[in-house]
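Please open the model in a viewer and keep the sequence panel visible beside it. The tour below proceeds by selection, one stop at a time.

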Amino acid sequence: MATKTSNEIIRDGLWDNNPALVQVLGLCPLLAVTSTVVNAIGLGLATLMVLMGSNLAVSLIRNFVSESVRLPAFVMIIASFVTCAELLMQAYTYELYQILGIFIPLIVTNCAILGRADAFASRNAPGPALLDGAMMGAGFLVVLIILGGMRELIGQGTLFVDMHLLLGPMASDCVIEPFANYPDMLFMVLPPGAFVGLGLLIAMKNGIDRHLKERKKTLQPATTPGSKRVRVTGNVS
């Protein structure tokens with residue numbers, strides 16, 4: 001397998017192979033908890049931590065684990081990091097942990113994490129594996145925040161509500177209400193709104209990719225098929 005450069009790994013995680021918009025993995029928590037920005041950030045940071053830790057650990061043991069126990073070993077590693085994330089949230093953001101509920105332990109079953117451990121971390125050195133985990137986690141986190149912001153803004157007319165659950169009392173006044181007397185749109189807060197929002201984000205990304213591809217074609221120099229330049233040597237009498 002060809003080794004990817006750092007730029008390729010970064011671009012893959014954030015755009016070209018984004019786990020939410022391209023691989024379409026981890027949709028259950030992504031659609032379930034993104035009713036507000038703070039919920040999205042909480043789940044996204046936990047997933048980012050697990051991705052980085054599991055990728056690094058899998059890469060470090062990749063030459064010492066036999067093929068027969070490879071996947072069980074990966075699942076045990078991922079479960080260990082999920083437990084660490086769960087305990088940290090219980091200690092420092094307990095109210096947010098209660099809101100996210102079962103979706104924190106369910107990070108163990110997130111196909112994006114197991115997929116990166118098997119497809120990339122188990123075949124690459126620790127440095128690239130850690131970077132891949134960071135970029136895939138960051139790409140997932142960005143999509144969570146955008147989707148959470150979209151649903152919160154359209155559904156409730158606010159942004160960053162309950163941010164104190166994540167950052168403490170100092171963030172109690174971070175709430176933004178751009179619209180006065182906004183009529184709540186319950187549809188966007190419910191699960192159907194999550195599907196609509198994610199569909200719009202995927203369509204937007206595909207449209208941008210198509211536009212960039214067409215623009216690249218127009219910038220390429222035009223060549224006439226079959227035309228060749230003939231070089232004539234020697235004296236003409």
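The stops that follow visit helices, salt bridges and a surface patch in what is a predicted model.

**First stop: helix H4**

Please select residues 70–92, which form helix H4. Helix H4 has 23 residues, and the span between its first and last C-alpha is 34 Å, close to the 33 Å expected at 1.5 Å a residue. Colour its buried residues next: Arg70, Ala73, Phe74, Ile77, Ile78, Val82, Ala85, Glu86 and Met89. Against which helices do the buried residues of H4 pack? They pack against H3, helix H5 (94–100) and H6. A general point helps in reading such a list: an α-helix has 3.6 residues a turn, so residues three or four places apart point the same way.

**Second stop: the loop before H4**

Move back to Ser68, in the loop between helix H3 (37–61) and helix H4. Ser68 counts as exposed, because its relative accessibility is 63% and the cut-off for exposed is over 50%. Its side chain is joined to that of Ser66 by a polar contact of 3.2 Å. Now add Glu67, which is likewise exposed, with a relative accessible area of 59%. Glu67 forms a salt bridge with Arg70, in which the closest N and O atoms are 3.0 Å apart.

**Third stop: Arg116 and Asp132**

Select Arg116, found in helix H6 (residues 111–119). Is Arg116 buried or exposed? With a relative accessibility of 9%, Arg116 counts as buried, because the limit for buried is under 20%. Display its surroundings: leaving aside neighbours within four places in sequence, Arg116 is in contact with Asn17, Gln23, Leu51, Asn55, Ala121, Asp132 and Met136. One of these, Asp132, is its salt-bridge partner, the closest N and O atoms being 2.9 Å apart. Asp132 lies in helix H7 and Arg116 in helix H6, so the pair ties together parts that are 16 residues apart in sequence. Asp132 is also buried, at 2% relative accessibility.

**Fourth stop: helix H7**

From Asp132, extend the selection to the whole of helix H7, residues 126–156. Helix H7 has 31 residues and reaches 43 Å from its first C-alpha to its last, close to the 45 Å expected at 1.5 Å a residue. Just after helix H7, select Gly157, which takes a positive phi of about 75°.

**Fifth stop: a nonpolar surface patch**

Turn to Met185, Phe187, Val196 and Leu200, and show the surface. Together these residues make a nonpolar patch of about 350 Å². Phe187 lies in helix H9 (residues 186–189) and is partly exposed, with a relative accessible area of 41%.

**Sixth stop: a salt bridge within H10**

Finally, select Lys205 and Asp209, both in helix H10 (residues 191–219). The two are 4 residues apart, about one turn of the helix. Their side chains meet in a salt bridge, at 2.5 Å from N to O. How much of each partner is accessible? Asp209 is partly exposed, with a relative accessible area of 27%, whereas Lys205 counts as buried at 5% relative accessibility. Elsewhere, salt bridges that share partners join Glu67, Arg70 and Asp118 into one network. The structure holds 6 salt bridges.

Conventions:
Residues are numbered from 1 along each chain as its sequence is written. This is a predicted model: local features need pLDDT of at least 70, side-chain atom pairs count only at pLDDT 80 or more; totals for chains, interfaces and linings use all residues. Side-chain values use heavy atoms; hydrogens and water are left out. The expected span of a helix is 1.5 Å times one less than its number of residues. Patches are made of residues with over 30% relative accessible area and no salt bridge: like charges are joined within 9 Å, nonpolar side chains (Val, Leu, Ile, Met, Phe, Trp, Tyr) within 5 Å. Accessible areas come from the Shrake-Rupley method with a 1.4 Å probe; for residues, only the protein chains shown count as cover. A salt bridge is a side-chain nitrogen of Lys or Arg within 4 Å of a carboxyl oxygen of Asp or Glu. Buried means under 20% relative accessible area, exposed over 50%, partly exposed in between (1.4 Å probe, protein chains only). Contact means heavy atoms within 4.5 Å. A polar contact is a pair of N or O atoms within 3.5 Å; within protein, one must be able to donate a hydrogen and the other to accept it, and residues adjacent in sequence count only if both atoms are side-chain atoms.
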